[in-house]
Every structure is written in C-alpha cells, then in structure tokens.
Amino acid sequence: MSAPAPVSDTAAPWRAGAGSDPLMKPLAELRPDIRARPDTHRPPSPGADLGLLALRLTVGLIMAGHGAQKLFGLFGGHGISGTGKAFAALGYHPGDFFAGLAGVSEFAGGLGFAAGLFTPLAAAALIGVMINAMVIGAPQGLWAISGGIEYPVTIAVVALAVAATGPGRYALDRPFRWRGGGLRSAALALGAGGIGAAIVLAL
C-alpha cells in the first residue's frame with residue numbers, strides 16, 4: 001500500500017512553513033494599488049503659501065484701512081465723530097461707541113489677518129463686523145450696486161476659509177499649534193464672530 005501524498009503548505013496554511021501562503025502576506029503586497037502614494041503626505045507647495053499670503057495681505061490690509069477710516073479719519077474717512085453719527089442713524093446708540101468698536105475690530109482684526117497672527121481670532125473680529133453689515137444690508141438683497149450684502153459675505157467667507165485652512169507658511173502663527181487651521185479654528189472664528197455680532201445687535 002503506497003504512502004499518502006504529503007499535504008502541501010499551500011493547502012494547509014496552518015502548518016509550519018506556511019509563511020508563503022497568500023493569506024499571510026501583507027495586503028499591500030497583494031494589492032499594490034492600495035499602497036500609500038508618495039504624494040499622500042506631501043507638504044503644501046510654495047505657491048499655496050504665497051497664495052494665502054496674497055489673500056491675507058489684500059483682505060487684511062483693506063479691512064485695516066476701513067478701521068483706520070473710522071478710528072483716525074484716514075484715507076478719506078470721517079473719524080469717530082462722523083462715523084458715530086452714521087452709526088446712530090442706523091440705530092446703533094451710542095453711535096460713537098459702536099463706531100469705535102467696529103473700527104477697532106476692523107483695524108486690529110485686519111492687521112492680525114494680514115500678518116497671520118492669532119488668525120482664528122482675527123478672522124472672528126472680521127466675521128463679527130461683517131455679520132452686522134449683512135444684517136443692515138439684507139433688505140437690499142445681495143448685490144452691492146443696490147446696497148446689498150455682496151461685500152460683507154465675501155469678506156466673511158474669506159476670513160472663515162483662512163481660519164479653516166490656516167494662514168500658511170508665511171505667517172506669524174507658524175510657531176503655534178493652530179497654524180494648520182482645521183475645524184476647531186474655523187468653529188472658533190465663526191462662533192466667536194457670531195456671538196460678538198449677536199451681542200452688538202442685542203444692545
């Protein structure tokens with residue numbers, strides 16, 4: 001009577017020497033297409049950082065300029081007194097106080113946004129001012145040509161987007177943990193800006 005044929009390691013993967021069994025191989029060896037691609041963790045390109053810098057400088061400095069108009073009468077502005085009268089006519093009393101509050105928010109928030117310093121808070125300051133502007137302009141619709149909310153919506157969304165993405169490499173926030181943005185930074189910017197705007201509107 002002939003001896004039974006030996007059972008191969010392939011047929012019995014639990015036996016010694018079954019290390020070559022396909023079931024025991026790493027998944028990446030069986031499916032090369034699922035291996036981590038070399039560009040998966042590639043850092044942002046210099047172009048992305050320069051784009052963020054250009055965006056921050058443009059929006060931040062323009063907003064700081066608006067604040068300087070209200071606070072100091074620069075760039076053709078009316079200063080606290082003149083701006084306060086306009087705020088009072090819109091229902092913000094006392095007008096000088098709210099003009100100063102808006103001016104400080106735009107000036108400090110704009111400079112911080114441009115420099116990439118405490119970006120979530122700088123974005124929150126801009127978002128808060130823009131929400132108030134949206135409330136005022138909402139009855140006129142969207143487009144700025146009819147006094148609508150086109151401009152404040154754009155500024156608020158840009159501020160929120162930069163808070164979410166982070167200010168980029170060319171920013172003073174680079175040493176801090178919030179330099180990379182994220183949902184927490186965006187939530188802080190939107191939440192703080194919204195709460196600030198609600199308090200102002202309730203006064």
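**Helix α6 and the largest pocket**

Me: Which helix gives the most to the lining of the largest pocket?
Reply: This is a predicted model, where local features need pLDDT of at least 70, side-chain atom pairs count only at pLDDT 80 or more, and totals for chains, interfaces and linings use all residues. Residues are numbered from 1 along each chain as its sequence is written, and side-chain values use heavy atoms, with hydrogens and water left out. Helices are DSSP runs (H or I, at least four residues), numbered from the N terminus. With nine residues, the top contributor to that lining is α5.

Me: By class, how many nonpolar, polar and charged residues are in the lining of the largest pocket?
Reply: Ala, Val, Leu, Ile, Met, Phe, Trp, Tyr, Cys and Pro count as nonpolar, Asp, Glu, Lys and Arg as charged, and the others, Gly among them, as polar. The lining has 19 nonpolar, eleven polar and two charged residues.

Me: Why does the span of α6 agree with its number of residues?
Reply: Helix α6 covers residues 150-165, which is 16 residues. The expected span is 1.5 Å times one less than the number of residues. That gives 22 Å, which agrees with end C-alpha atoms that are 23 Å apart.

Me: Which residues on the other side of α6 are exposed?
Reply: Buried means under 20% relative accessible area, exposed over 50%, partly exposed in between (1.4 Å probe, protein chains only). P152, I155, A156, V158, A159, V162 and A163 are the buried residues of α6. They cover an arc of only 160° around the axis (directions from the helix axis to the C-beta atoms), so they lie on the same side of α6. On the other side, the exposed residues are V157 and T165.

Technical notes
Helices (H or I, at least four residues) and strands (E, at least two) are DSSP runs, numbered from the N terminus.
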